[in-house]
Amino acid sequence: MAAEEYHYVVVGGGSAGCTLAGRLSEQPGVSVALVEAGPMDIDPVFRVPARFWEQQKSSFDWDLQTEPEPALCGRRSYLPRGRVLGGTSSMNTMLYVRGCAADYDGWAAAGHEGWSFAEVLPLFMRSEDNSRGGGPYHGAGGPLRVEDLQPPPLLERWLAAAGEAGHPANADVNGPDQEGMGVYQANQHGGVRCSAAAAFIHPNLHRPNLSVHTCTHALRLVWDGVRVAGVEVEHCGEKRVIACARETVLCAGAYLSPQLLMLSGIGPAEHLRQMGIEVRIDNPDVGANLQDHPGCFLTYPVSAETGGSDPDAWVEVGGFAHSRPGLREPDLQFHAAVGSFADEGASTGAARALSFGPYVTRPRSRGWVRLRSSLPQAKPRILHNFLGEESDVAVLRAGVRMALQIASQPSLSAVLGDSEGARAAGVPSGDSDSAIDEYMRRSTFSFYHPAGTCAMGSVVDSQMRVLGVGGVRVCDTSIMPTLVGGNTNAPAIMFGEKLAGSLTGGSIAGQSGMRPDN
């Protein structure tokens with residue numbers, strides 16, 4: 001091999017990329033390069049759970065935003081993405097939520113072989129080191145720590161109020177039934193964040209076959225005829241090529257993986273020509289099908305002492321609910337946390353507040369990602385089209401009304417501030433459809449779960465190979481044909497586990513039908 005050639009090049013050191021690179025490096029005869037645009041995650045801000053918000057709009061954040069959203073009064077929505085080793089797993093709120101079995105069974109029913117819940121559950125469990133130990137739905141001894149947390153009294157009140165409002169208790173939303181409210185498990189280990197980098201990369205940096213290239217921006221894929229043979233990168237102003245003997249895998253996420261494909265000539269032909277890019281593969285679905293969970297928080301001032309909170313800790317409670325009778329699966333997810341979430345969650349504000357609210361788990365609205373220019377350093381243009389479908393408006397409206405009902409229950413009403421103060425902090429002016437809709441239009445934001453822009457069946461196949469070209473795959477949430485009902489960090493880690501088993505020919509449960517493409 002040449003000095004700068006590896007068997008596998010993984011582009012993007014986020015949840016899927018760290019998992020994939022770490023697992024591939026378990027094979028001594030396989031060389032792996034992990035390319036990450038951001039720095040190493042050595043700052044203490046990446047360890048302390050409650051300091052996640054300090055990273056937002058910093059040099060550790062890609063700091064993306066949407067185009068003006070038509071259904072949100074023309075507002076641009078802030079889209080934080082981690083620009084550091086560990087990616088967004090180094091700056092998220094660490095909740096470990098997989099989505100329900102029906103999400104994955106739906107993919108399998110649509111023809112995506114190997115993706116049923118029975119096939120992917122062992123991959124989730126393989127990663128886990130759950131504080132509850134192993135069992136039918138959880139794993140123990142894996143690199144990714146998953147722990148139960150103790151909520152502060154204010155969040156215990158919220159759970160009691162949810163019960164008073166008719167929501168059942170659920171101690172495990174990753175168990176056999178997703179519906180109900182409880183304390184979310186989190187990727188923390190003894191009060192310290194357990195990111196994908198902490199789980200899969202840091203313990204393995206001693207391996208000679210694992211090379212981590214931080215502060216290295218991927219510019220475009222390198223072609224060898226009709227096959228991808230590596231990636232052109234820039235580090236400290238100098239460009240070079242990292243060559244790949246087997247597979248280049250894009251793990252840059254639902255915004256940046258399609259951007260890199262388009263910069264490399266794979267995408268909608270007319271759009272690429274407008275950008276002055278040579279068309280290699282005409283695929284109008286690259287960057288299309290963008291999905292995310294739209295939702296909003298209600299914020300109440302707290303008149304009573306919250307008490308019992310560790311300022312460095314981060315705990316969330318919440319769960320899943322049905323917006324109307326007759327649904328097979330929940331279509332709403334709730335989050336509740338101590339603090340005031342202004343600026344679309346970009347700052348926590350004063351602790352003497354309670355914020356909670358719903359998001360739509362299976363939105364029908366679709367958006368897109370497009371190039372802003374042919375410069376790889378330019379941020380992509382993004383439109384989510386939040387609440388663009390009336391069905392999404394109806395579901396979120398039902399969720400906001402549920403949140404108002406929870407706030408009115410005895411366990412909470414005794415400690416929440418007066419109604420005038422609540423409206424000033426961020427609550428609808430009433431519970432009518434018009435009052436709720438007005439609040440939603442000015443308050444809805446992304447819950448930071450983008451997916452779908454390199455979807456299986458239209459951009460990649462069920463083995464994550466980019467259609468029409470050899471030597472390149474995509475492994476991140478962009479491959480989801482439909483968004484899962486739940487947070488997306490755990491699924492992204494599972495994707496890394498799945499592809500690693502495929503590429504190494506490993507006999508991992510859930511890998512049926514997948515073979516390495518050497």
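## A walk through the salt bridges, cores and loops

The side chains of Arg397 and Glu390 pair up in a salt bridge, with 3.7 Å from N to O. Arg397 has a relative accessible area of 15%, so it falls under the 20% cut-off and counts as buried. Keep in mind that we're looking at a predicted model here.

That pair has company, as the structure holds 24 salt bridges. Take Asp41 and Arg47, whose side chains also meet in one, again at 3.7 Å from N to O. The two partners sit in rather unlike surroundings: Asp41 is buried, with a relative accessible area of 0%, whereas Arg47 is partly exposed at 29%.

Now for a bridge that spans a long stretch of sequence. Arg126 forms a salt bridge with Glu497, and their closest N and O atoms are 2.6 Å apart. Arg126 belongs to helix H4 (residues 117–127) and Glu497 to helix H13, so this pair ties together parts that lie 371 residues apart in sequence. Arg126 is partly exposed, at 29% relative accessible area, while Glu497 is buried at 0%. The two don't act as an isolated couple either: Arg23 and Glu26 join Arg126 and Glu497 in a network of salt bridges.

Arg23 takes us to helix H1, as it is one of that helix's buried residues. H1 covers residues 15–24, and 10 of its 10 residues are buried. Besides Arg23, the buried set includes Ser15, Cys18, Thr19 and Leu20.

Leu20 is a good doorway into the interior. As a general point, nonpolar side chains in soluble globular proteins tend to be buried together. Here the largest nonpolar core has 88 residues, and Leu20 is among those with the most contacts inside it, along with Val9, Trp115 and Leu261. Helix H13 (residues 489–503) supplies the largest share of this core, with 8 residues. Apart from this core lies another, of 39 residues, including Leu332, Val393, Ile406 and Met440.

What is Leu20 in contact with, leaving aside its neighbours within four places in sequence? The partners are Val10, Val249, Cys251, Gly496, Leu499, Ala500 and Leu503. Glu497 of the salt-bridge network lies in helix H13 too.

Next, have a look at Asn92, in the loop between strand S4 (78–79) and helix H3 (101–109). Is Asn92 buried or exposed? Asn92 has a relative accessible area of 16%, so it counts as buried. Its side chain reaches the backbone nitrogen of Met94 at 3.1 Å. Setting aside neighbours within four places in sequence, Asn92 is in contact with Phe52, Arg193 and Asn489.

Finally, a couple of backbone angles to check if you're browsing the torsions. Most residues other than glycine have a negative phi. Cys215 has a positive one, near 50°. You'll find Cys215 in the loop between strand S10 (210–213) and strand S11 (216–224), where it is partly exposed at 36% relative accessibility. Tyr448 likewise has a positive phi, near 70°, and it lies in the loop between strand S23 (445–446) and strand S24 (472–474).

How values were computed: Residues are numbered from 1 along each chain as its sequence is written. This is a predicted model: local features need pLDDT of at least 70, side-chain atom pairs count only at pLDDT 80 or more; totals for chains, interfaces and linings use all residues. Side-chain values use heavy atoms; hydrogens and water are left out. Buried means under 20% relative accessible area, exposed over 50%, partly exposed in between (1.4 Å probe, protein chains only). Helices (H or I, at least four residues) and strands (E, at least two) are DSSP runs, numbered from the N terminus. A nonpolar core is a set of buried Ala, Val, Leu, Ile, Met, Phe, Trp, Tyr and Cys residues joined through side-chain atoms within 4.5 Å. Contact means heavy atoms within 4.5 Å. A polar contact is a pair of N or O atoms within 3.5 Å; within protein, one must be able to donate a hydrogen and the other to accept it, and residues adjacent in sequence count only if both atoms are side-chain atoms. A salt bridge is a side-chain nitrogen of Lys or Arg within 4 Å of a carboxyl oxygen of Asp or Glu.
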